[in-house]
Amino acid sequence: MDNRFKYMLFALLVVWLSPHPCKACTTFLLSHKGNSVVGKNHDWMVDDGMIIVNKRGMLKTACFRKRVNGRPAVWTSKYGSVTFNQYGRELPSGGMNETGLVVEEMTLVATRYSEPDLRPGILALQWIQYQLDNSRTVEDVIASDSKVRIVPGMGNGLHYFCTDSKGDSAVIEFLNGKLVYHTKDSLRFNVLTNNTYKDLVTYFENNEKLEKQYPMKAGNDSISRFLRAASMVEKYKIKSSKPIIDYAFDILSNVSQGIPTKWSIVYDLNNFRVYFKTYSNPQRRFFDFHSFDLSCLEPIKILDINASFKGDVTRHFRNYTRQINYDLIRNSFKKTTFINEMPEEAFKRLARYPDSSSCTQ
């Protein structure tokens, strides 16, 4: 890859990672009587997406421009995963691995990643894939900060909500160049939107009469969505007659922003089943995680998130190809208004990037 295209590709990915008014999102954990599900609304201007089955045993090198940000992270995936991707394979917006770890991202304007240091680097989206490849618990995710750092964007970026199979959760943020996390006793509410977690909880606590505030917080801003989601999660702990999957979708519907809410996803951590629906195809669909062969000797499987199926879509996954990756990348970038001038050659190079990974089995 020549330097001109390396720089252009990196610059455009960095711009995408910067906050944008319609990239909001809401994520939460809902638990009751040993059952745990994670719900996520993906709010964005683009609805294109691919569900990708990622394999264990893959040797990978992080995707970014070395001369700007030092050496890239290199690792071999310990675990297979299923991810939801818009801007290409290996750059997911969220997903779940075979141990039951879920990682999802949301925009946070206050994000400030660390300055370059001796740790190898990785882009903010690929950090999600790195965690799904290598981590079993939220403690593993937190501990990985000593091994890898996120490559800074334009001073802004993402924060993350993580949950593992034990039902433990963590909010992970990068503030003033340092990782800040909330988990266990410091994680009062298992909900995250687009303010720092500390600010969200402070606002909640300052509104003691939440039931009276609820009708006043019907907007789509981050605080309003957090209050509604947190209130509904708390209510489910007290009265839980509705099935947990249905109630999780009720929460997602309550905090939906309408057209900007492109995907709604519910991860069933106990049964390793993932439910989803999209703005383009509002039919609720699902697939069983353990139906997939996660050996890197077998072809990677993918599914168009908007395909016109309903119910169990496990059997509709097909083999991945570079052309499918290219089409996804090109369509998503072209529909993203502030980076739609990316040159054709850059699409092709980004589509080829996953070919640099190799099976170690």
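## Tyr-279 and its neighbours

Leaving aside residues up to four places away in sequence, Tyr-279 touches Gly-258, Ile-259, Thr-261 and Lys-262; touching, or contact, means heavy atoms within 4.5 Å. Before we go on: this is a predicted model, where local features need pLDDT of at least 70 and side-chain atom pairs count only at pLDDT 80 or more, while totals for chains, interfaces and linings use all residues. Residues are numbered from 1 along each chain as its sequence is written, and side-chain values use heavy atoms, with hydrogens and water left out.

Back to Tyr-279, which sits in the loop between E16 and strand E17 (285-288). Helices (H or I, at least four residues) and strands (E, at least two) are DSSP runs, numbered from the N terminus. Is Tyr-279 buried or exposed? Neither, quite: its relative accessibility is 45%, so it counts as partly exposed. The cut-offs are under 20% relative accessible area for buried and over 50% for exposed, with partly exposed in between (1.4 Å probe, protein chains only). Tyr-279 and Gly-258 are 21 residues apart along the chain, and their C-alpha atoms are separated by 8.4 Å. Over the face of the Tyr-279 ring you'll find Lys-262, at 5.4 Å from the ring centre. A charge sits over a ring if NZ of Lys or CZ of Arg is within 6 Å of the ring centre and within 35 degrees of the ring normal.

## A pocket by the loop

Tyr-279 also helps line the second largest pocket, along with residues including Leu-252, Gly-258, Lys-262, Trp-263 and Pro-282. That pocket has a volume of about 160 Å³. To find pockets, a 1 Å grid is laid over the protein atoms alone; a pocket is an open set of points where a 1.4 Å probe fits, with protein on both sides within 12 Å along at least five of seven lines, and lining residues have an atom within 4 Å of a point. Grid points are joined across faces, edges and corners, and the volume is the space filled by probe spheres set on the points.

Which element gives the largest share of the lining? It's E15, with four residues. H8, E15 and E16 each supply at least two.

## Helix H8 and its cover

Helix H8 covers residues 244-254, and its buried residues are Ile-244, Ile-245, Tyr-247, Ala-248, Phe-249, Ile-251 and Leu-252. An α-helix has 3.6 residues a turn, so residues three or four places apart point the same way. Among the elements covering the buried residues of H8 are strands E1 (26-32) and E2 (35-43), helix H7 (222-238), and strands E15 (261-268) and E16 (273-278).

## Rings that pair up

The whole structure holds 20 aromatic pairs. Rings of Phe, Tyr and Trp (its six-membered ring) pair if their centres lie within 6.5 Å; planes under 30 degrees apart count as stacked, over 60 as edge-to-face and the rest as tilted. Tyr-87 and Phe-333 make an edge-to-face pair, 5.0 Å centre to centre with 85° between the planes. This pair links distant parts of the chain, 246 residues apart: Tyr-87 is in the loop between strand E6 (81-85) and strand E7 (92-97), and Phe-333 is in helix H9 (residues 322-335). Both Tyr-87 and Phe-333 are buried.

What about Trp-127 and Phe-174? Their ring centres are 6.2 Å apart and their planes stand at 90°, so this pair is edge-to-face. It joins helix H3 (residues 124-134), home of Trp-127, to strand E12 (residues 169-175), home of Phe-174, across 47 residues. Trp-127 is buried at 2% relative accessible area, and Phe-174 is buried at 6%. Ring pairs also link Phe-84, Trp-263, Tyr-267, Phe-276, Phe-287, Phe-292 and Phe-317 into a cluster.

## Two unusual backbone angles

Glu-90 isn't a glycine, yet its phi is positive, at about 80°. Glu-90 lies in the loop between E6 and E7 and counts as buried, at 2% relative accessibility. Between Glu-90 and Trp-127 there are 9.4 Å in space, C-alpha to C-alpha, and they are 37 residues apart in sequence.

Cys-25 has a positive phi too, near 85°. Its place is in the loop between helix H1 (3-17) and E1, and Cys-25 is buried, with a relative accessible area of 0%.

## The whole protein

Zooming out, the protein has ten helices and 21 strands. Of its 361 residues, 60% are buried.
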